[in-house]
Amino acid sequence: MLVYPETRTQDIRTALIGRREELEAEYVATVAEMTLAGVVDSGDDVADLGNKAFVREQEFVLAESFRSRMEQVERALERLDAGHYGTCETCHGEIPVARLAAFPSVTLCVSCKSRSESRY
């Protein structure tokens, strides 16, 4: 388990909270746009309806992506509070510092992340 000095822990917490706020703002904006784009006009033909359905589906996937990343940031904050930040949730090995620097909310090492993605 990586042990960080208190100042480093506070820097990590600040970065994670900032990222969570960015994701929340993007999520709110995406959801607001979804409600505006989904309005069906009585003059819409089949192509218009299909296009609106396609756009709405893309926006839904984007909103779900933001929500998922917010949850990942929350898990990272919880792990930071519990003293487990920097430890893989699956294998409990250390996550390389370079990976944490690139993705502060990451909770899996490269090997475990690769395995989880290969299942899909």
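Contact here means heavy atoms within 4.5 Å. On that basis, and leaving out residues up to four places away in sequence, R79 touches H84, Y85, T87, C88, E89 and T107. This is a predicted model, and R79 makes a handy place to start reading it. R79 sits in helix α2. Its side chain is buried but has no salt bridge: the nearest side chain of opposite charge, that of E89, is 4.2 Å away, and a salt bridge would need a nitrogen–oxygen pair within 4 Å. What R79 does have is a backbone partner, as a polar atom of its side chain lies 2.3 Å from the backbone oxygen of T87.

One of the residues touched by R79 is C88, which leads over to the nonpolar core. The largest such core has 17 residues, and L16, Y85, C88 and I95 touch the most other members. Helices α1 (6–37) and α2 (46–82) each supply at least two of its residues, with α2 giving the largest share, six. Setting aside neighbours within four places in sequence, C88 is in contact with R79, G93, I95, T107, L108, C109 and C112. C88 counts as buried because its relative accessibility is 0%.

With C109 and C112 both among the contacts of C88, disulfides are worth a look. The structure holds zero of them. For C88, the nearest cysteine sulfur is that of C112, 3.6 Å away. The sulfur of C112 has its closest cysteine sulfur in C109, at 3.6 Å, so the pair is too far apart for a bond; the cut-off is 2.5 Å. C112 is buried as well, because its relative accessibility is 4%.

Notes. Residues numbered from 1 in each chain as written. Predicted model: local features only at pLDDT ≥ 70, side-chain atom pairs only at ≥ 80, totals over all residues. Heavy atoms only, no water. Core = buried A, V, L, I, M, F, W, Y, C linked by side-chain atoms within 4.5 Å. Buried < 20%, exposed > 50% of the residue type's maximum accessible area, 1.4 Å probe, protein only. Helix = DSSP H or I, 4+ residues; strand = E, 2+ residues; numbered from the N terminus. Lys, Arg positive; Asp, Glu negative; His and termini not counted. Polar contact = N/O pair within 3.5 Å; in protein donor to acceptor, adjacent residues only side chain to side chain.
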